[in-house]
Amino acid sequence: RYTFQNQTNSKSIKEEIKLNSLKSGEQLFFEQKISTIGFVGQNTIQAYVNPSYLPEEYYNNNFLKTNFEVQKDDKNPVLEVLFDGLHILDGEIVSPNPYITINLHDENTWLFKQDTTDIELFLKKPCLDGQQNCDEYEKIFFTNPDIVQWIPATAKQSFKIEYNPKNLQNGTYTLRVQGVDASGNKSSVQFYEIHFQVINESTITHFLPYPNPFSTQTRFVFTLTGSEIPDQIKIQIMTISGKIVREITQDELGPIRIGNNISDYAWDGRDEFGDLLANGVYLYRVILKSNGEEVKHRDTSIDKAFKKDFGKIYILR
């Protein structure tokens with residue numbers, strides 16, 4: 001028979017298990033696992049073998065008592081918010097149908113978050129023309145599986161929320177999240193908060209080489225809006241006289257997403273034949289189409305660097 005009692009809240013467990021009988025001179029080793037959930041603080045465990053059930057000459061050598069402490073989990077979990085699989089900057093442009101993943105990473109390897117208790121998720125939408133009382137946060141409930149789902153934590157997977165608002169209107173939104181682990185520790189005293197912008201019209205900014213000038217390689221930076229990725233993107237690099245020396249295709253650029261982009265591909269200053277181009281100034285032009293139609297250009301502060309949609313790129317080794 002064993003008893004397990006907490007000295008702070010008087011919570012206790014009392015159970016009995018049956019052991020095999022012993023022959024003369026034999027020993028028996030056994031273990032009993034006890035959950036310490038709810039037993040934070042000082043505890044006492046007592047074990048009594050044959051608690052006066054069977055007759056013995058002496059009973060006082062059958063008793064064991066020991067004290068120990070269960071430490072409270074007081075470490076805050078880490079909240080991670082991703083938009084379409086990526087971390088974004090505050091105010092960044094995202095898709096009108098963003099796939100928002102919220103991960104709650106906890107260092108506790110014994111207590112796993114199994115439900116949405118105390119997890120809070122809010123979205124503030126932009127005010128539309130003539131709309132009143134719109135400057136309020138809308139609470140997102142976890143009862144609508146069409147837009148929000150959650151996955152309990154395991155030894156290999158952090159607690160996860162998958163939030164997919166659909167057909168968002170133009171404007172700036174604010175997402176607020178509060179994460180709480182299985183021990184009741186919040187991810188932060190304040191809500192995690194991030195702003196993001198939605199532009200439904202399909203547009204793209206000018207492609208900007210970075211760095212420029214460059215010596216060994218340069219990538220291309222641009223911002224895409226709307227809900228569809230252009231199905232045709234081509235970058236033509238040419239001499240000042242207009243001769244095309246290199247064409248970079250969409251397949252070479254790598255994955256593209258709605259919002260800010262920097263190409264996986266880095267141009268190394270070589271022509272179509274793999275030869276290094278000479279130092280100097282080159283022109284480049286970007287051709288973009290979606291469903292056979294040209295994607296509209298979105299005006300930005302860098303447009304003054306372009307003339308008739310041509311930009312300059314400098315090789316300096």
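Which residue in S12 is the bridge partner of Lys124? Keep that in mind while we walk through the model.

**Before you start.** This is a predicted model, in which local features need pLDDT of at least 70 and side-chain atom pairs count only at pLDDT 80 or more, while totals for chains, interfaces and linings use all residues. Residues are numbered from 1 along each chain as its sequence is written, and side-chain values use heavy atoms, with hydrogens and water left out.

**Stop 1: the whole chain.** Show the C-alpha trace and turn it along its principal axes: the protein chain spans about 110 × 60 × 30 Å. Colour by secondary structure and you will find one helix and 23 strands (DSSP runs numbered from the N terminus, helices being H or I with at least four residues and strands E with at least two). The radius of gyration, 32 Å, is well over the 20 Å that the globule rule gives for 317 residues, so the chain is more spread out than a compact globule. That radius is taken over C-alpha atoms, and the rule is 2.2 Å times the number of residues to the power 0.38. Buried residues make up 36% of the 317 (buried means under 20% relative accessible area, with a 1.4 Å probe and protein chains only).

**Stop 2: strand S8.** Select residues 120-124. Four of these five residues are buried, so S8 is largely enclosed by the rest of the structure. Strand S12 (residues 171-178) pairs with S8 in the antiparallel sense over five bridges; two strands pair if DSSP finds at least two bridges between them. Here is the opening answer: the partner of Lys124 in S12 is Thr174. Now add strand S9 (residues 137-139), which pairs with S8 over three bridges, also antiparallel. In S9, Lys139 stands opposite Phe122.

**Stop 3: an open sheet.** Next, show the four strands in the order S5-S7-S11-S10, with antiparallel pairing. S5 (78-83) and S10 (148-151) are the edge strands, each pairing on one side only. Zoom in on S5 and S7 (residues 100-105), which are joined by six bridges in the antiparallel sense. One pair to label is Phe83 with its bridge partner in S7, Ile100.

**Stop 4: Asn43.** Finish in strand S3 (residues 41-48), where Asn43 lies. Is Asn43 buried or exposed? At 0% relative accessibility, Asn43 counts as buried. Its side chain reaches the backbone oxygen of Phe39 at 2.9 Å (a polar contact is a pair of N or O atoms within 3.5 Å). Leaving aside residues up to four places away in sequence, Asn43 touches residues including Phe4, Gln7, Thr66 and Val70 (contact means heavy atoms within 4.5 Å).

Notes
Buried < 20%, exposed > 50% of the residue type's maximum accessible area, 1.4 Å probe, protein only. Polar contact = N/O pair within 3.5 Å; in protein donor to acceptor, adjacent residues only side chain to side chain.
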